[in-house]
Amino acid sequence: MLANKSKPITAIIVGAGHRSICYAKYSLKHPDELKIVGVADPNEYRRQQAMDLFGFGKDMCFESADDLAAKGKLADAIINGTMDLQHVPTAIPLLEVGYDMLLEKPIATSEAEVRQLYAVAQKCGNTVMICHVLRYAPFYSEIRKRIASGEVGDIISVMTEENVSYHHVATAFVRGKWNRLDTGSTMLMSKCCHDLDLITWMKSGIAPKAVSSFGSLMQFRLENAPEGSGERCLVDCKIEKDCPYSAKKNYIEQGIWGFYAWQSIEDQEQTEENWLKSLATDNPHGRCVWRCDNDVVDHQTVAVEFADGATASHNMIGGTSRPCRTIHLIGTKGEIYGVQEDGYFILRHPDARKGHEWSEKKIETNVSNDMHGGGDLLLVADFVRTLLGEPRSISCTCLEDSIYGHLIGFGADQARVERRVMDIVK
Ligand SMILES: NC(=O)c1ccc[n+]([C@@H]2O[C@H](COP(=O)([O-])OP(=O)(O)OC[C@H]3O[C@@H](n4cnc5c(N)ncnc54)[C@H](O)[C@@H]3O)[C@@H](O)[C@H]2O)c1
């Protein structure tokens, strides 16, 4: 059922972590469009934080998605920012009660779970939008518009790269909460299901047919630990001062990734003294990057074939110096090349006139470096518009549209492990 346009959409946060709160804060800037009216999270500190931030009462706080679902429908929508393994088990009871949902990526941790969720959403008629925020980043949405208007013709090849960076790979995939397969996702799915989604989006819904992939955990292994390194940067490491992975350098001096590095002490006062103490004792982010319990890859390459004969490749590389995403699209009439973080892309066409070889235009996209190039809040705005029955934007990432990218990812991981080419069947 469509929401009432004269009132804000009401939403309940399920999993009041870093991501949900980013999206929910849209309501603070646009109270006429979105109102956060409740929270479900087993973590008491996080429930309290959500109550303080959004101003609802204790009667709208629940300890789990199941407890919330048992109360029937109390709002229009759910913002589901639980961790990967909980996406489907928390989503299904809430969809069955009738909520629409903004659901974090990856949709699920297996192809079977994606299909299960899709079947429930189809049966119950809910709107489910997946947080593929990069579709909303002006860099990518502008490229998509150029493709839709035919400026480069039919796409023959898409090449994308995610250069994750030495500090990001260490924080999330070596020391952090996506470092093990038993947390639910491979590194490809947790980091690059966005990129695989972008590839299928750029191909305008043409079906991917087959995928192959290679990759491994090559760098962050005990046998590569440099001489002088220890168990913890701030306890027994003799090379901490020169190491780019130093926890002190990354999380205190560079001041990045605090929302992951300090999650285990988020209920304490945030002082340098407390940070140093936790890095030196039980904080997982204080561990040496060559001595962690990580088992996910640190780099992977994916090759895809589409039904029309086009091909795509994606390279995910963990330990790069600069974090950035690149894209190079080649069509029958022209090509597009760009680095998202540069804030522009180049549109190029063959030019066979004497003295020329090609012509090119620089397209500025005013990209911001935070919130996924500005995509996070544009996604929430589109979710609200969709629930109000207004026309969906070109970026709209509903559950059905997001399935191809996920099928490529699950297929790539199976192809990598089994060293074979996987057919993709929707
Ligand atoms: N869209 C993006 O670009 C992007 C970026 C980073 C992370 N993510 C994804 O966002 C998701 C959340 O990541 P995060 O770092 O915000 O996680 P988080 O750990 O900060 O938050 C997850 C919350 O879920 C709660 N929770 C656990 N079980 C629950 C249940 N049964 N019912 C309700 N709540 C429950 C936890 O207590 C926790 O507060 C992950 O799936 C991650 O892959 C997406």
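## A nine-strand sheet and a helix pair

An open sheet of 9 strands, with mixed pairing, follows the order E14-E13-E12-E11-E7-E10-E9-E8-E15. At its edges lie strand E14 (358-364) and strand E15 (422-423), each pairing on one side only. Here strands pair if DSSP finds at least two bridges between them, and strands (E, at least two residues) and helices (H or I, at least four) are DSSP runs numbered from the N terminus.

This is a predicted model, in which local features need pLDDT of at least 70, side-chain atom pairs count only at pLDDT 80 or more, and totals for chains, interfaces and linings use all residues. Residues are numbered from 1 along each chain as its sequence is written.

Within the sheet, strand E7 (residues 155-163) runs parallel to strand E10 (residues 311-317), joined by 7 bridges. Met159 has Ser313 in E10 as its bridge partner.

Now to the helices. Helix H9 (residues 187-202) packs against helix H14 (residues 399-418) at about 130 degrees, with axes 8 Å apart; axes are lines fitted to C-alpha atoms over the stretch in contact, and angles run from 0 to 180 degrees between N-to-C directions. H9 is therefore oblique to H14 (under 35 degrees is roughly parallel, over 145 roughly antiparallel, 65 to 115 roughly perpendicular, the rest oblique).

Residues in contact have C-beta atoms, placed from the backbone, within 7 Å.

| Helix | Contact residues |
|---|---|
| H9 | Leu188, Met189, Cys193, Leu196, Asp197 and Thr200 |
| H14 | Ser402, Tyr404, Gly405, His406, Ile408, Gly409, Ala412 and Asp413 |

Note on methods
Two residues are in contact if their C-beta atoms, placed from the backbone, lie within 7 Å.
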